[in-house]
Amino acid sequence: MVSDEHVSMIPAASKVGWSVEVNGREFTDEIESGAILLDVLRDQVGTLGVKRGCDMGTCGCCTVMIEGVARLSCLTLAGETEGCKITTVEGLATGHHLAPIQEMFSECGGSQCGFCTPGFLITSSALLASNDSPTDSEVKSAIDGNLCRCTGYQQIVEAIQAAALILRSGSKRNDGTAAKLDPHPGFGDSGYS
Ligand code: FES
Ligand code: FES
């Protein structure tokens, strides 16, 4: 007599412990030994701001910071990040206050449908953390792995340069928000209001 019990031909993946810091909070769980970071962040950590675009390393939507370096989470084994500090787009704001890069994407029209935006924000943040005075060429080079089908990129470059200006000037207001910036200031105009 043939049993109707299903016997999988593929052995179940082994589980391993995984402890990281995501957006300043400790996270510990078991993950499959070959799990992809993108899947773990979305399905187990719950950081749904990490977007799945191409799932093959070409769109940049899944970019996160690992120890301050922008990396594609769809091409990263979660196990490689054991003990690391991971920052997703959810970790950029301070409490209810958006980071300057987030405010400037909004001000400059750097985001339209928004699907690519988390990846751009993370890539830009990593750039500005290491270089707060990038040339336009350096900005374009930094974001050349991030694809956007909506904006045409010019507004994104402007947003990153506007955020860089804020970071250089240290122009945080006392209430913690970034100073208001005219994204298209004239010559001799600081652009702040
Ligand atoms: S989903 Fe990772 S690069 Fe597109
Ligand atoms: S804002 Fe729509 S893909 Fe970039």
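Modeller: Two axis directions are called roughly parallel under 35 degrees, roughly antiparallel over 145, roughly perpendicular from 65 to 115, and oblique in the rest of the range. The structure above is a predicted model, and this scale is the one to hold its helix angles against.

Biologist: Why are H2 and H3 called oblique to each other?

Modeller: The axes of H2, residues 100-108, and H3, residues 117-130, come within 10 Å and cross at roughly 130°. Since parallel ends at 35 degrees, perpendicular at 115 and antiparallel begins over 145, that crossing falls in the rest of the range, and H2 and H3 are therefore oblique. The crossing of these two helices is also right-handed. On the H2 side the contact is formed by Ile101, Gln102 and Phe105, and on the H3 side by Thr117, Phe120, Leu121, Ser124, Ser125 and Leu128.

Biologist: How do the residues of the contact of H2 with H3 divide into nonpolar, polar and charged?

Modeller: Five are nonpolar, four are polar and none is charged. Thr, Ser and Gln are outside both the nonpolar and the charged lists, so they count as polar.

Biologist: What makes H2 oblique to H5?

Modeller: The axes of H2 and H5, the latter spanning residues 154-169, come within 8 Å and cross at roughly 135°. Because that angle too lies outside the parallel, perpendicular and antiparallel ranges, H2 is oblique to H5. This crossing is right-handed as well. From H2, Pro100, Ile101, Met104, Phe105 and Cys108 meet a set of H5 residues that includes Ile156, Glu158, Ala159, Ile160 and Ile166. By class, this contact has 12 nonpolar residues, one polar and one charged.

Biologist: Turning to the sheet, what order do its five strands have?

Modeller: The open sheet has the order S2-S1-S5-S3-S4, and its pairing is mixed. S2 and S4 (69-72) are the edge strands, each pairing on one side only. From one strand to the next, the twist averages 40°.

Biologist: How do you know that S1 and S5 pair, and in which sense do they run?

Modeller: Two bridges join S1 to S5, residues 85-87, and the strands run parallel; as at least two bridges are required, this count meets the requirement for a pair. In this pair, Val22 stands opposite Ile86. H1 packs on the sheet, where it touches S1, S2, S3 and S5, and its direction makes about 110° with that of S2.

Biologist: Which strand is joined to S1 by eight bridges?

Modeller: That is S2, residues 25-32, which runs antiparallel to S1, residues 15-22. Within this pair, Gly17 has Glu30 as its bridge partner. Two residues lie between the strands of this hairpin, and Asn23 takes a positive phi near 50° there.

Biologist: What pairs with S3 in the antiparallel sense?

Modeller: S4 does so over four bridges, and S5 does so over two, so both counts reach the requirement of at least two. Met65 stands opposite Ala70 in S4 and opposite Thr87 in S5. The hairpin of S3 and S4 has two residues between the strands, and here Glu67 takes a positive phi near 50°.

Biologist: What makes it right to say that both faces of S3 are covered?

Modeller: Thr63 and Met65 on one side, and Val64 and Ile66 on the other, are all buried, so each of them has a relative accessible area under 20%. In a regular strand, side chains alternate between the two faces of the sheet. H3 lies across S3, S4 and S5, and runs at about 35° to S3.

Biologist: Why is Asp55 called partly exposed?

Modeller: Its relative accessible area is 41%, and because buried requires under 20% and exposed over 50%, Asp55 is placed in between. Asp55 belongs to the loop between H1 (37-45) and S3 (63-66), and its phi is near 65°, a positive value in a residue other than glycine. Most residues other than glycine have a negative phi.

Biologist: Why does Tyr153 count as partly exposed?

Modeller: At 30% relative accessibility, Tyr153 also falls between the 20% and 50% limits, and therefore takes the middle class. Tyr153 is placed in the loop between H4 (136-142) and H5, and has a positive phi near 80°.

Note on methods. Residues numbered from 1 in each chain as written. Chains lettered and ligands numbered in written order. Predicted model: local features only at pLDDT ≥ 70, side-chain atom pairs only at ≥ 80, totals over all residues. Heavy atoms only, no water. Axes fitted to C-alpha atoms, helices over the stretch in contact; angles between N-to-C directions. Left-handed = near helix turned anticlockwise from the far one by under 90°. Contact = heavy atoms within 4.5 Å. Buried < 20%, exposed > 50% of the residue type's maximum accessible area, 1.4 Å probe, protein only.
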